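Student: I'd like to go through this structure and ask how each label is earned. Could you show it to me?

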Amino acid sequence: MQATVYKSTGSWYVVKTTTGEIFQARMKGIFKKNDDITSTNPIAVGDVVEIVPDDSDANAKNAMITEIGGRRNYIVRSSPHGRNKKHIIAANLDQAMLICTIREPRTSLGFIDRFLVTAAAYHIPAVLVFNKKDIYRAKEMELFEAIEALYTGIGYPVKLISATGMEGIEEIRAMLKDKTTLMSGHSGVGKSSLINDLVPGLDLRTTAVSGWSGKGLHTTTFAEMYDLPGGGCLIDTPGVREFGIVDMEKSELSHYFLEMQPYLSQCQFNNCLHINEPGCAVKEAVEAGEIDPERYVSYATILESIEEEQY
């Protein structure tokens, strides 16, 4: 019987069959020994699996996962169990949506760029949604407009909404329709409030930003998928502090900065890392104002972090 994984708690999985039945499922121990699986979690939310229902108790909806289907794609972050191990956040995605804020808390451009690099590396289209429009003053709106110009210029859709004020929600709903979307963001950016707007009756717990640190408190522990009323699915992920770039060679990184792609073949050296090499077309493009300097700084910072993680 085929089913999709809606929630993973580490040892048990909530799965939903094609007919809409919900089962609590466990996996056969054999998957844990599979040498092809290098992540800390062999099964992720969004995976399509084969299950065999447990008939020993007619009232309990329990099942055994016997097979994991092939993945169209997946997205990872560094595992809490070790920086060089990867944890699959979700699989079989149509798009990834990062919820950001200009203040309370402020989402750094470095964090946004790590998210976009991760999405590009796994061939998942990304969307940036800035929440809390209702609390932005003139200086925050000015900053938002600069960020919007930067990322739309690269080719990323950027939206401005207020989850509490229900402003821009219909536009987000239209973007999510009939797609499987991963939704991520720092704790405190209003992700739970937005999901409550999009999935009526869900009533996810929301938490205010903690005053002493300016950072949000974690409200989600495990990734979980929800069906959207108009069609499509939304995968809510734990509030992530940082996206660790895993399984990436330093030479690959520039390919995932979309605005750098046109210049890569023009560099003097094929293995150019765009830092100290002569005849670098990327650095020339930065100096000519064709690539944003802040994005270049992000690139250099991420490149350095890859070096630290690998050695």
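Tutor: Happy to. Let's begin with a cut-off: a disulfide is a pair of cysteine sulfur atoms within 2.5 Å. Keep in mind that this is a predicted model.

Student: How do you know that Cys280 has no bond to Cys272?

Tutor: The sulfur of Cys280 is 3.8 Å from that of Cys272, its closest cysteine sulfur, and this is too far for a bond. The limit is 2.5 Å, and the structure holds zero disulfides.

Student: Why is Cys280 called buried?

Tutor: Buried means under 20% relative accessible area. Cys280 has 3%, so the label fits. Cys272 is buried as well, with 6%.

Student: What makes the span of helix H2 agree with its number of residues?

Tutor: Helix H2 covers residues 138-154, which is 17 residues, and at 1.5 Å a residue they should span 24 Å. The C-alpha atoms at its ends are 25 Å apart, which agrees.

Student: Which residues of H2 are buried, and how do you know that they are on the same side?

Tutor: They are Glu140, Phe144, Ile147, Leu150, Tyr151 and Ile154. Around the axis they cover an arc of only 125°, so they sit on the same side of H2. On the other side, Ala138, Glu142 and Gly153 are exposed. After H2 comes Gly155, with a positive phi near 125°.

Student: Why is the pair Lys7 and Glu224 called a salt bridge?

Tutor: The cut-off from side-chain nitrogen to carboxyl oxygen is 4 Å. In this pair the N to O distance is 3.5 Å, so the two side chains meet in a salt bridge. Lys7 lies in strand E1 and Glu224 in strand E12, so the pair ties together parts 217 residues apart in sequence. Lys7 is partly exposed at 26%, and so is Glu224 at 22%.

Student: What makes Asp113 and Arg295 buried, and what does their salt bridge tie together?

Tutor: Asp113 has 1% relative accessibility and counts as buried; Arg295, also with 1%, is buried too. Their closest N and O atoms are 2.6 Å apart. Asp113 belongs to helix H1 and Arg295 to helix H6, so the salt bridge ties together parts that are 182 residues apart in sequence.

Student: How many salt bridges are there in the whole structure?

Tutor: A search finds 15. Arg103, Glu104, Arg137 and Glu140 are linked in a network of them, and Glu140 is also one of the buried residues of H2.

Key:
Residues numbered from 1 in each chain as written. Predicted model: local features only at pLDDT ≥ 70, side-chain atom pairs only at ≥ 80, totals over all residues. Heavy atoms only, no water. Buried < 20%, exposed > 50% of the residue type's maximum accessible area, 1.4 Å probe, protein only. Helix = DSSP H or I, 4+ residues; strand = E, 2+ residues; numbered from the N terminus. Expected span 1.5 Å × (residues − 1). Arc of directions from axis to C-beta.
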